[in-house]
Each structure stands twice: as C-alpha cells, then as structure tokens.
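Biologist: I am new to reading protein models, and I would like to go through one slowly with you. Could you show me how to take each feature in turn?

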Amino acid sequence: MKNNQENDIKTLFDGKFIKVYDLEYEKDKHYLSASRRNLDDLVCLKDDEEFKSMKPDAVTIIAIINGKLLMTKEYRYPCGQYLLSPPAGLMDKGDENVIETAIRELKEETGLKISSSDKAEIINPCLFSTPGMSDESNALVLFDIRRDDFKPSNQSLVGDERIDGYYLLDEKDVTEMVVMGRDHEDYFYSAYAFCVMCYYLLYMKKA
C-alpha cells in the first residue's frame with residue numbers, strides 16, 4: 001500500500017548523505033527505509049506522474065575510451081573493501097541535467113574532461129538500487145571517447161571518496177568478470193558494476 005501522507009512516516013535518523021525512515025504503511029504495520037531524500041521528497045509519497053518524472057539521486061557512468069571500459073577500484077565503507085566500480089556520483093541540489101552531472105563526476109573521480117567531440121547518451125534515466133530497503137536511484141550515462149590524452153587522476157576527490165586504481169578493460173577482461181561474478185582479484189562487485197559491464201559488451205557488439 002502506497003504511503004499518501006507525511007504523518008505516516010517518522011524520521012529515525014537524519015544524516016548528511018543518508019536518512020532512515022519508519023513507514024507506517026498500514027495501522028501498526030511498519031517498514032524501515034533508507035533514503036538520500038528529505039521527507040517531503042520521498043519516492044513513496046509521489047503520485048504516479050511525479051514518480052514517472054522523478055530525477056535520480058545519482059549518476060553511474062559507462063565510460064568507454066578507445067573501445068575499452070574505464071573502471072575504478074573504490075573503497076566502499078559498508079563492504080570494507082575496495083570494489084571494482086564504475087565512476088559515479090550524487091546529483092547536487094539544483095542539478096537538472098544528468099549528463100552535466102556525469103561530466104562533473106567523471107572529471108572529479110578520474111580527471112577526465114569530456115569534450116564536444118565525445119558521444120554522450122542517457123542509457124537509463126532512473127534505476128532503483130535496492131528497492132527492498134531503500135528508494136536510492138541512479139541514472140546510467142554513456143560516454144564514448146576516442147582520444148589518447150587520458151591520464152587518470154584522483155586529485156579531485158572530495159569528502160570520504162577513496163579510489164586506489166584505474167582499469168581500462170577490453171571485451172575479454174569484462175566477459176571473464178561477468179561470467180565469474182568476480183573481478184580479476186577474485187572480489188565480488190556491485191550490481192551497478194555488473195550493469196555497466198553488461199551494457200559495455202552489448203554496446204561493443206553493436207559497434
């Protein structure tokens with residue numbers, strides 16, 4: 001049953017990047033939800049039209065450089081490990097265009113600047129990450145870059161971001177990781193890493 005009123009919801013924790021809410025979806029029936037959103041912007045409160053037109057919380061980037069997929073090794077605190085990850089970042093307050101957000105986040109995490117000659121495309125405008133426990137969502141954005149001046153850098157990272165390595169993976173590398181369900185160091189990876197790798201293989205097959 002959809003929540004229709006803010007007074008059915010109690011805020012249990014209110015942090016800068018994550019909040020936890022108690023959703024009373026029926027009388028005396030509760031569901032806990034983590035969210036990046038303020039109470040008045042929760043997805044469970046949106047009507048159908050608002051739901052269909054909502055902006056995502058973040059962008060995840062499929063960056064293909066001269067036919068190879070750019071991935072990072074980023075520290076993920078809940079897992080306690082550096083995980084194979086696509087470049088990604090949060091939509092800032094006031095951001096309206098997911099491609100512009102992706103351009104900013106790609107430069108911040110990798111040092112790579114997108115130019116007008118690079119292909120930029122929204123692959124999916126809004127995907128829910130773990131809808132069983134959170135309304136967090138990401139857009140998928142593709143950049144196809146054909147130039148040789150890329151030198152990865154983590155000098156523009158902000159806050160708690162920690163990146164310890166960059167990889168340019170070819171189709172053989174990516175296929176092996178998709179089939180194994182692990183990276184080349186035998187670590188598990190995220191669902192978004194899987195989505196990005198699968199789309200890369202599909203894209204290269206069509207290229």
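Biologist: Let me begin with a single residue: in which loop does Asn66 lie?

Modeller: Please keep in mind that this is a predicted model. Asn66 sits in the loop between strand E4 (58-65) and strand E5 (68-76), and its phi is near 50°, which is a positive value in a residue other than glycine. With a relative accessibility of 34%, Asn66 counts as partly exposed.

Biologist: What is phi of Asp186 near, and where is that residue found?

Modeller: Phi of Asp186 is near 75°, again a positive value in a residue other than glycine, and the residue is found in the loop between helix H3 (171-180) and helix H4 (191-206). Asp186 counts as partly exposed, because its relative accessibility is 48% and the label "exposed" asks for over 50%.

Biologist: How should I read burial, and is Ser137 buried or exposed?

Modeller: The general idea is that a residue is called buried when its relative accessible area is under 20%. Ser137, which lies in strand E9 (residues 137-145), has 0% relative accessibility and therefore counts as buried. If we leave aside its neighbours within four places in sequence, Ser137 is in contact with several residues, among them Arg37, Met54, Pro56, Cys126, Phe128 and Tyr192.

Biologist: Now for charged pairs: how many salt bridges does the count come to?

Modeller: A salt bridge here needs a side-chain nitrogen of Lys or Arg within 4 Å of a carboxyl oxygen of Asp or Glu, and by this rule the count comes to 18 salt bridges. One of them joins the side chains of Glu136 and Arg36, at 3.0 Å from N to O. Glu136 lies in the loop between strand E8 (119-128) and E9, while Arg36 lies in the loop between strand E3 (29-35) and H1, so the pair ties together parts that are 100 residues apart in sequence. Glu136 is buried, with a relative accessible area of 19%, whereas Arg36 counts as partly exposed at 31%.

Biologist: Which residue forms a salt bridge with Lys73?

Modeller: Lys73 pairs with Glu185, and their closest N and O atoms are 2.7 Å apart. This pair links distant parts of the chain, since Lys73 is in strand E5 and Glu185 is in the loop between H3 and H4, 112 residues apart. Lys73 counts as buried at 4% relative accessibility, while Glu185 is partly exposed, with a relative accessible area of 42%.

Biologist: Which residues are linked in a network of salt bridges?

Modeller: That network of salt bridges links Arg37, Asp41, Lys46 and Asp57.

Biologist: Let us finish on the surface: which residues gather in a patch of negative charge?

Modeller: Asp47, Asp48, Glu49 and Glu50 gather in that patch on the surface. Asp48 has its place in helix H1 (residues 48-53), and at 56% relative accessibility it counts as exposed.

Biologist: And which residues make the nonpolar surface patch?

Modeller: Leu12, Phe13, Phe17, Ile18 and Leu32 make a nonpolar surface patch of about 500 Å². Phe17, for example, lies in the loop between strand E1 (9-14) and strand E2 (19-26), and with a relative accessible area of 47% it is partly exposed.

Terms used
Residues are numbered from 1 along each chain as its sequence is written. This is a predicted model: local features need pLDDT of at least 70, side-chain atom pairs count only at pLDDT 80 or more; totals for chains, interfaces and linings use all residues. Side-chain values use heavy atoms; hydrogens and water are left out. Patches are made of residues with over 30% relative accessible area and no salt bridge: like charges are joined within 9 Å, nonpolar side chains (Val, Leu, Ile, Met, Phe, Trp, Tyr) within 5 Å. Accessible areas come from the Shrake-Rupley method with a 1.4 Å probe; for residues, only the protein chains shown count as cover. Lys and Arg count as positive and Asp and Glu as negative; His and the chain ends are not counted. The place of a charge is taken as NZ of Lys, CZ of Arg, CG of Asp or CD of Glu. Helices (H or I, at least four residues) and strands (E, at least two) are DSSP runs, numbered from the N terminus. Buried means under 20% relative accessible area, exposed over 50%, partly exposed in between (1.4 Å probe, protein chains only). Contact means heavy atoms within 4.5 Å.
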